[in-house]
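This briefing walks through one protein chain, from overall make-up to individual contacts. Please keep the sequence and the 3D view open while reading.

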Amino acid sequence: MPEASAAPGTPVTIALVDDYDVVLLGLARMFDDFRDRLKVVEIDTNEPLAESIDVVLYDAFAQPESGHAQIGELVKNPRARHVVVYTWNFHPELIDSAREQGVHGYLSKTLSAQELVEAIEAVNAGEIVVSDSSERARSADELDWPGRKEGITDRESEILALITQGKSNAAVAELTYLSPNTVKSHIRSVYRKIGAESRTQAVLWGVEHGFTPDHRRIERWVGAGD
């Protein structure tokens, strides 16, 4: 059971966990208008933080959701009172796996800032919150991701990030729960948008445009309870 949260009326403390700067900064900006209700206390995880956090928001962008090993480790972290997965991918197996791992929320990236804050507050109050979501729905307008300024969609961005990490098409399909043909379609679309004619060119473009993750962030939370 998670330990007691902060007293009523005080802002919910929240840590943002993902390996991509632009993703985290977009989330932080999304919460700017709710500082009286949410306090982002960790975004740069290169510095130690001993205090417990009310809600750890795990942004699933380009993370290995299918195994959910990282999520399980986050749940075990004694500094994380509640763990919430934040994603566009609502495949039933992913939701079931996350629930089995002990997460307190599985929230959709289609939620507006107001809706997301309300869901986080409900989780902090002890509720288990799972969003209703359409698989084809787009992420909230306030969010950001690598390549958005170049016209790359959120789904395409995640696929390019996984490719930049060295994942094969088959691995990308497995991680995202998309069909191989859908993955190929997204890849062709990305190639057109960035002017790439080969996978090597796409990877090089990804490295130069913020698609390389900083794994220190996730590693610091996974199994880092000291």
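Nine helices and six strands make up the secondary structure of the protein chain. The model is predicted. Its mean pLDDT is 84, and 83% of the residues reach 70 or more. Residues 44-48 fall below 50 in pLDDT, and this stretch has seven contacts in the model beyond near neighbours in sequence.

**Overall make-up**

- The chain has 226 residues, and 52% of them count as buried.
- About 10600 Å² of the chain is exposed, with carbon and sulfur atoms supplying 49% of that area.
- Take the contacts between residues at least 6 apart in sequence: 72% of them join residues at least 24 apart.

**Nonpolar cores**

- In general, nonpolar side chains of soluble globular proteins tend to be buried together.
- The largest nonpolar core here holds 51 residues.
- Leu27, Phe31, Leu107, Leu116 and Ile120 touch the most other members of that core.
- Helix α4, residues 113-124, gives the most to this core, contributing seven residues.
- A second, separate core has 17 residues, including Ile53, Ala60, Val83 and Tyr106.

**Phe31**

- Phe31 sits in the loop between α1 and β2.
- Is Phe31 buried or exposed? Phe31 counts as buried because its relative accessibility is 3%, and the cut-off for buried is under 20%.
- Outside its neighbours within four places in sequence, Phe31 contacts Ile14, Leu16, Leu38, Val40, Leu57, Leu116, Val117 and Ile120.
- Phe31 and Glu142 lie 111 residues apart in sequence, with their C-alpha atoms 9.6 Å apart in space.

**Val40**

- Val40 belongs to strand β2, which spans residues 38-42.
- The relative accessibility of Val40 is 32%, so Val40 counts as partly exposed.
- Val40 touches Ile14, Leu16 and Phe31, leaving out residues up to four places away in sequence.
- Ile14 and Leu16 are also among the contacts of Phe31.
- The C-alpha atoms of Val40 and Ala28 are separated by 7.2 Å, and these residues are 12 apart along the chain.

**Strands β4 and β5**

- Strand β4 covers residues 80-87 and pairs with β5 in the parallel sense, over four bridges.
- Which residue in β5 is the bridge partner of Tyr86? Tyr86 is matched with Leu107.
- Leu107 is also one of the residues with the most contacts to other members of the largest core.
- Strand β5, residues 105-108, is covered on both faces.
- Gly105 and Leu107 are buried on one side of β5, and Tyr106 and Ser108 are buried on the other.
- Tyr106 also appears in the second core.

**Salt bridges**

- Side chains of opposite charge can pair when their charged atoms come close.
- How many salt bridges does the count come to? The count is eight.
- Arg37 and Glu121 form one salt bridge, with their closest N and O atoms 2.7 Å apart.
- This pair links distant parts of the chain: Arg37 is in the loop between α1 (21-30) and β2, Glu121 is in helix α4, and 84 residues separate them.
- Arg37 counts as partly exposed because its relative accessibility is 23%.
- Glu121 has 25% relative accessibility, so Glu121 also counts as partly exposed.
- Asp32 and Arg35 meet through their side chains in a salt bridge, at 3.4 Å from N to O.
- Asp32 is partly exposed because its relative accessibility is 35%.
- Arg35 reaches 59% relative accessibility, so Arg35 counts as exposed; the cut-off for exposed is over 50%.
- Glu73 and Lys76 form a salt bridge at 3.6 Å, N to O.
- Both of these residues lie in helix α2 (residues 69-76), three residues apart, which is about one turn of the helix.
- Glu73 counts as partly exposed because its relative accessibility is 29%.
- Lys76 counts as exposed because its relative accessibility is 62%.

Methods: Residues are numbered from 1 along each chain as its sequence is written. This is a predicted model: local features need pLDDT of at least 70, side-chain atom pairs count only at pLDDT 80 or more; totals for chains, interfaces and linings use all residues. Side-chain values use heavy atoms; hydrogens and water are left out. Helices (H or I, at least four residues) and strands (E, at least two) are DSSP runs, numbered from the N terminus. Buried means under 20% relative accessible area, exposed over 50%, partly exposed in between (1.4 Å probe, protein chains only). Contact means heavy atoms within 4.5 Å. Accessible areas come from the Shrake-Rupley method with a 1.4 Å probe; for residues, only the protein chains shown count as cover. A nonpolar core is a set of buried Ala, Val, Leu, Ile, Met, Phe, Trp, Tyr and Cys residues joined through side-chain atoms within 4.5 Å. A salt bridge is a side-chain nitrogen of Lys or Arg within 4 Å of a carboxyl oxygen of Asp or Glu. pLDDT is the predictor's confidence in each residue, from 0 to 100. Two strands pair if DSSP finds at least two bridges between them.
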